[in-house]
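Please walk me through this structure, beginning with how its helices pack and ending with its overall form.

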Amino acid sequence: MRIGSAIFLIAIGAILAWAITPGLIPNVDQTLIGYILMAVGVIGLIASLILASPGRSRRISETRSVVDPNPGERITRNESRDGGL
């Protein structure tokens, strides 16, 4: 869930909980559904902010050295990459 969809769920939940007259949809507790949507939106917003934080990115560096058998030269290879999720 991205930040935009989480905010959308919070907005729809707030509309159902506070802006629409109760009993507009028969046999459905609109207020409860609104609170559930707002809770899911808040959880999704917190999760997306945690996953998008810059502190979670990791940089992986790897160095390999081998000796080429023909000329006897040492070959060193350095590789760096992001180790994100």
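In this predicted model, the buried residues of α1 pack against α2, which runs over residues 30-51. On the α1 side, the residues concerned are Ala-6, Leu-9, Gly-13, Leu-16 and Ala-17. Around the helix axis they cover an arc of only 95 degrees, and therefore they lie on the same side of α1. The general geometry of an α-helix is relevant here: with 3.6 residues a turn, residues three or four places apart point the same way. The face of α1 turned away from this buried side carries exposed residues, namely Phe-8, Trp-18 and Ala-19.

The length of α1 can be checked against its residue count. Helix α1 comprises the 17 residues 3-19, which at 1.5 Å a residue should span 24 Å, and because its end C-alpha atoms are 23 Å apart, the expected and modelled spans agree.

The second helix can be read in the same manner. For the 22 residues of α2 the expected span, at 1.5 Å a residue, is 32 Å, and the end C-alpha atoms lie 31 Å apart, which agrees. The buried residues of α2 are Gln-30, Gly-34, Met-38, Gly-41, Gly-44 and Ser-48. These cover an arc of only 130 degrees around the axis, which means that they sit on the same side of α2. What covers them includes α1, whose own buried residues pack against α2. Turned away from the buried side of α2 is a face that carries the exposed residues Ile-43 and Leu-51.

Between α1 and α2 there is a loop, and Asn-27 lies in it. Although Asn-27 is not a glycine, this residue has a positive phi of about 60 degrees. Its side of the story is completed by accessibility: with a relative accessible area of 86%, Asn-27 is exposed.

A further link between the two helices comes from aromatic rings. In general, such a pair is described by the distance of the centres and the angle of the planes. With ring centres required to lie within 6.5 Å, the count comes to one aromatic pair. It is formed by Trp-18 and Tyr-35, whose ring centres are 6.2 Å apart and whose planes stand at 75 degrees, so the pair is edge-to-face, the class for angles over 60 degrees. Because Trp-18 lies in helix α1 and Tyr-35 in helix α2, the pair ties together parts that are 17 residues apart in sequence. As for accessibility, Trp-18 is exposed, with a relative accessible area of 59%, whereas Tyr-35, at 42%, counts as partly exposed.

Turning to the whole chain, the protein has two helices and two strands, and from the N terminus on these elements run in the order α-α-β-β. The radius of gyration is 26 Å, well over the 12 Å that the globule rule gives for 85 residues, so the protein is more spread out than a compact globule. Along the principal axes, the C-alpha trace spans about 85 × 20 × 15 Å.

Burial and contacts can be set beside these dimensions. Buried residues make up 13% of the 85 residues, and the protein exposes about 6700 Å², of which carbon and sulfur atoms supply 62%. Among contacts between residues at least 6 apart in sequence, 37% join residues at least 24 apart.

Terms used:
Residues are numbered from 1 along each chain as its sequence is written. This is a predicted model: local features need pLDDT of at least 70, side-chain atom pairs count only at pLDDT 80 or more; totals for chains, interfaces and linings use all residues. Side-chain values use heavy atoms; hydrogens and water are left out. Helices (H or I, at least four residues) and strands (E, at least two) are DSSP runs, numbered from the N terminus. The expected span of a helix is 1.5 Å times one less than its number of residues. Buried means under 20% relative accessible area, exposed over 50%, partly exposed in between (1.4 Å probe, protein chains only). The arc is that of the directions from the helix axis to the C-beta atoms. Contact means heavy atoms within 4.5 Å. Rings of Phe, Tyr and Trp (its six-membered ring) pair if their centres lie within 6.5 Å; planes under 30 degrees apart count as stacked, over 60 as edge-to-face and the rest as tilted. The radius of gyration is taken over C-alpha atoms; the globule rule is 2.2 Å times the number of residues to the power 0.38. Accessible areas come from the Shrake-Rupley method with a 1.4 Å probe; for residues, only the protein chains shown count as cover.
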